[in-house]
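Let's walk through this one together, starting with who touches whom and working outwards to the overall fold. Have the viewer open as you read.

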Amino acid sequence: MFQNIMTSKRLLVSLAALLLALAAWLWWSADKAQGHARQEPLQCALPAQSPSAAHPGMVWVPGGMLQLGDSVYREELPVRSVVVKGFWMDRTEVTNAQFAAFVHATGYVTVAEQAVDAKVHPELPPDLRLPGAVVFISPNDLVGGGNPAQWWRYLPGANWRHPAGQKTSIEGRGAFPVVNLTFRDAQAYAQWAGRALPSEAQWEWAARAAASPTETEHAQPAQANTWQGLFPVRNSAEDGFVGLAPVGCYAPNALGLFDMLGNVWEITRDLYLPDHNSLAPEVETADYAGLRTAGGAAASHVIKGGSFLCAPNYCMRYRPGARQAQEDDLAVGHLGFRTILQAPGP
Ligand SMILES: [Ca+2]
């Protein structure tokens with residue numbers, strides 16, 4: 001009798017465990033199926049601008065006193081006060097369609113479309129000197145911790161026309177941010193358009209909507225394309241996008257700027273230095289060549305805003321004060337830009 005009871009109990013426990021496993025599998029399958037079935041839009045509607053807008057596609061960022069920096073990562077320190085003068089800024093990241101118009105008009109060839117100079121990088125093997133870009137590929141599992149080489153791969157043939165490698169294209173994706181560019185490419189576009197790249201201070205001031213830092217700005221932003229789930233292996237895409245999103249799919253900030261946080265990192269015109277100690281004049285001027293003094297060891301520029309790959313467990317850089325260095329001669333699939341115009345305000 002006792003033995004029968006114990007056997008029944010064991011059976012019940014086994015059955016419960018089996019049901020739990022089945023429920024977990026069903027949940028996982030449904031979640032995965034939902035991800036596959038998700039229809040990600042190829043374009044998002046932007047609000048109409050007044051026909052009399054002084055600079056269509058741009059918004060005015062009024063001047064003020066910026067508290068440059070943050071305290072989450074070392075490179076964001078120290079927080080410094082910087083006076084920023086007013087300027088116009090693209091309300092979205094530059095799109096594939098916009099960059100295509102530039103290339104069509106000028107015949108410009110991007111850095112990723114050219115072979116890497118062996119004299120500059122003698123250490124690289126021949127296959128890494130082929131024209132190409134670094135593309136994110138989610139690994140099936142992780143070996144040996146957080147080595148980024150497990151999810152970043154140099155793909156020959158990847159460039160702005162082929163964002164995720166030679167076999168991919170931007171057909172139908174004109175409203176997506178252009179990626180796989182470098183500082184030189186972004187600057188060439190800006191000059192052609194009669195614009196400039198923002199400085200780090202201008203970008204950060206605009207991302208905060210020309211206001212002081214807020215208490216909530218360390219939180220993962222709701223209105224941005226970032227990463228939900230365990231980076232880099234599980235991307236639940238609760239924000240609607242597994243990878244890049246077309247520009248303008250999330251609510252803009254108080255100035256009307258879209259996607260300042262998330263989606264793609266954005267190139268600034270400031271040389272990268274590892275902290276905010278070496279700032280030159282603390283007042284932005286209309287014609288200056290960069291707030292930072294030159295002299296950084298590496299030829300890198302500051303990039304801002306984080307990307308669709310920023311997750312709470314890795315790279316919490318979906319914040320106005322966050323920053324990273326980006327090598328000037330390396331195109332990457334999570335990096336784009338927007339331009340500014342220094343002209344009288346409205
Ligand atoms: Ca996302």
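Two residues count as in contact here if their C-beta atoms, placed from the backbone, lie within 7 Å. Keep in mind that this is a predicted model.

With that in hand, click on Ala 133. Which residues is Ala 133 in contact with, leaving aside its neighbours within four places in sequence? The list runs through Ala 112, then Leu 155, Ala 158 and Asn 159, then Asn 180, and finally Ala 331, Val 332 and Gly 333. That fits into a chain-wide picture: take the contacts between residues at least 6 apart in sequence, and 75% of them join residues at least 24 apart.

Ala 133 also turns up in the largest nonpolar core, a set of 63 residues. Along with Met 89, Leu 181, Ala 186, Ala 206, Ile 267 and Leu 335, Ala 133 is one of the residues that touch the most other members. Helix H4, residues 200-207, gives the most to this core, contributing 5 residues. As for the chain as a whole, 37% of its 346 residues are buried.

Now for the secondary structure. The chain has 4 helices and 11 strands. Three of those strands make an open sheet, ordered S1-S4-S11, with antiparallel pairing. Strand S1 (58-61) and strand S11 (340-341) each have a single partner strand and stand at the edges, so one side of each has no neighbour in the sheet. Zoom in on S4, residues 87-90: this strand and S11 pair in the antiparallel sense over 2 bridges. Across that pairing, Trp 88 stands opposite Leu 341 in S11.

Methods
Residues numbered from 1 in each chain as written. Predicted model: local features only at pLDDT ≥ 70, side-chain atom pairs only at ≥ 80, totals over all residues. Pairing = 2+ DSSP bridges. Buried ≥ 20, exposed ≤ 12 C-beta atoms within 10 Å, placed from the backbone. Core = buried A, V, L, I, M, F, W, Y, C linked by C-beta atoms within 7 Å.
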